[in-house]
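Open the model in your viewer and keep the selection box handy. We'll go chain by chain, then stop at single residues.

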Amino acid sequence: MKKTKRRLLYQFIVLTLIGIVILPFSLYISVVIIPTIFPNFTELKSRYVITFLLFFGICLIYLIISFYFFMRIRRRIVHLQKSMQLENDRTELEPIEISQDDEIGELEESFNEMVQKLNESYQKELDEEKLRRTLIANLSHDLKTPLTAMRAQMSSFDQNEYAKEVRTMNNNIDDISHLIDSLLAFSLLSANKHPYEEENINLSRHLRSYIANWYLVFEEEGFTVDVDIQNEDIKISTDINMINRLLNNIVQNVLRHAHDGKYIKFELNNQAIIISDKGRGLSEDSKGSGAGIGLKIMDLLAEKLGFNLNFKEDSGLVVTINFDE
Amino acid sequence: MISVLYVEDNVEIGEWVERELVDSGMTVTWLKSGDEAVSLAENHELVILDVMLPGIDGFTVGQRIKNKYADKPLIMLTALGAVEDKVQGLGFADDYLTKPFSMEELIARINMLMRRQGQGQRQNEMIEIEHLKVYLNEHQVFDDRNDEEIRLTAKELKIFFFLLENKNQILTKEQIYEAVWNESYIAGDKSINVHIRHLREKIEDDSSQPKIIETIRGIGYRVRL
């Protein structure tokens, strides 16, 4: 183990020794030497005054030096502390310059070593995440390609004679495709180590823009859209991307499993976002178990957000996202 | 006769798409890798790219083509079905189809993109909407029927043009406010409603039944072209 630096310790010892020596010495000078040099000041009172002033002056100078010594150290400690703070948008710490070759310098060195380890670990996480995404993209491609090829083959069937069979096969191909999407999304989500990043947002405004973005799709599918934002100024602190993913999942669920209802309603109040449709609800086994995975994904997202997710049936499915703890 | 550049490495899918597109009256150049795609893109009116390609990755090829020929319609074909992935892809592509897609959908999207592109050339100078002629560069709006200019205030013009620039999209009052006034929208501000009302009174035949500026209840406004 490296020998710990002792420069600060020595400086402190020197300062103390100076104090121990100088203070009594200055007292001695004031009391003994001054009257000898200035014999005129024999008057007791003025002698006491000068003695006191001299002594006091030297103490003051000593105090200033000590204070300066202390402040220099404090400044370096504060600088170190500031370097340790992570601003909200930075995820990597930067190493700092070693200020001096002493005890605090060693502290700074240790800090730099830790910064390096942290950055390496974070980089490793990013690399892992990237690898996972690549694997999943490849998997998705490998699964969907034969499906597409099947669709291609089916186009060469005699449409008149086998119309019903072709239609059924097409529906099955769609179902498998959606199931693959859900499974892969779920797999990514449950392994996701990405930190939940909070931001302050105006939820009323955000929801409105969100609905505006999806509106064209609703229109294309012949849906009626109802919007009831009860308060224009609902503010929350949350991860925007995650909330969007949760909403995306709910909306896609409505488009896929409640399509016949041709209706979607968005409600926002101080406690919750409520999305309702006029589909067949949860009870009917609509389109197989694709809906099951979809719900599981919603649960997972809501959990990460710290929100409470609730499903109810009332002329359709009603999903309540409760964000008010 | 639409000329399509199609890049797909899978033979079964490629043969199918090529055959169907040719059957519907297009000329198709089918490449199995992205290597020559950027150079061949010049001679074709529309490009269809598979995202997963051997060699140079489809996304990269797509970005290069878009950088070189910004106005050339580009459709990306992908296996990833999540909305978030589509949003990332649409960053530069004009459309994004998930595999397994249906041929009808592909052909419909091609036609729509080609139609939109044809209109795009014209729209840089003048837009016709209902009974209005809007000159974008001169910032003037004329009534088609009597050739009279409709005088709008600076803010009304800005609002109207912002809606036109983002035609067919629904814009929330926050988006309109911030684009036109260049400051943050404060909740409860009613000035947008007022301006739109005045705007309607000037440009619509019947401002209580607006045909040009549509209100989407609870969300925002839209101009449809």
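Select chain A and colour it by burial: of its 325 residues, 38% count as buried, where buried means under 20% relative accessible area, exposed means over 50%, and partly exposed is in between (1.4 Å probe, protein chains only). Before you go on, remember that this is a predicted model, in which local features need pLDDT of at least 70, side-chain atom pairs count only at pLDDT 80 or more, and totals for chains, interfaces and linings use all residues. Residues are numbered from 1 along each chain as its sequence is written, chains are lettered from A and ligands numbered from 1 in the order in which they are written, and side-chain values use heavy atoms, with hydrogens and water left out.

**Chain A, whole view**

Zoom out on chain A. Its C-alpha atoms fill a box of roughly 135 × 50 × 30 Å along the principal axes. The radius of gyration is 37 Å, while a compact globule of 325 residues would come in near 20 Å; this is taken over C-alpha atoms, and the globule rule is 2.2 Å times the number of residues to the power 0.38.

Switch to cartoon and you should find seven helices and seven strands in chain A. These are DSSP runs numbered from the N terminus: helices are H or I with at least four residues, strands are E with at least two. Walking from the N terminus, the order is α-α-α-α-β-α-β-β-α-β-β-α-β-β.

How much of the contact network in chain A joins residues at least 24 apart? Among contacts between residues at least 6 apart in sequence, the share is 74%, with contact meaning heavy atoms within 4.5 Å.

**The largest nonpolar core**

Now show side chains for L203(A), F218(A), I264(A) and I273(A). Of the 49 residues in the largest nonpolar core, these four touch the most other members. Such a core is a set of buried Ala, Val, Leu, Ile, Met, Phe, Trp, Tyr and Cys residues joined through side-chain atoms within 4.5 Å. Elements of chain A that each supply at least two core residues include α5 (203-220), β4 (263-268) and β5 (272-277). The largest share, nine residues, comes from α6(A).

Centre on F218(A). Leaving aside neighbours within four places in sequence, F218(A) is in contact with F223(A), V225(A), V251(A), L255(A), I264(A) and F266(A). For a second, separate core, pick F160(B), L163(B), I192(B) and I203(B), which are among its 27 residues.

**Three stops in chain A**

Select E197(A), in the loop between α4 (163-191) and β1 (199-202). Beyond the four nearest places in sequence on either side, E197(A) is in contact with T238(A) and D239(A). Try a C-alpha to C-alpha distance from E197(A) to M242(A): it is 9.2 Å, with their positions 45 residues apart in sequence.

Follow the contact to T238(A), in strand β3 (residues 235-238). Is T238(A) buried or exposed? T238(A) counts as buried because its relative accessibility is 0%. Apart from neighbours within four places, its contacts include Y196(A), I201(A), I243(A), L305(A) and F307(A).

Next comes G306(A), in the loop between α7 and β6 (308-313). G306(A) is partly exposed, at 40% relative accessible area. The C-alpha atoms of G306(A) and A137(A) are 29 Å apart, and the two residues are 169 apart along the chain.

**Over to chain B**

Chain B has eight helices and 12 strands. The C-alpha trace spans about 60 × 40 × 30 Å along its principal axes, and buried residues make up 46% of the 225 residues.

Then look at the backbone:

- P100(B) sits in the loop between β5 (95-98) and α5 (103-123). The peptide bond from K99(B) to P100(B) is cis, with omega near -5 degrees.
- D147(B) is in the loop between β8 (140-143) and β9 (148-149). D147(B) is not a glycine, yet has a positive phi of about 55 degrees, and counts as exposed at 60% relative accessibility.
- N182(B) is in the loop between α7 (173-181) and α8 (191-203). N182(B), also not a glycine, has a positive phi of about 65 degrees and counts as exposed at 69% relative accessibility.
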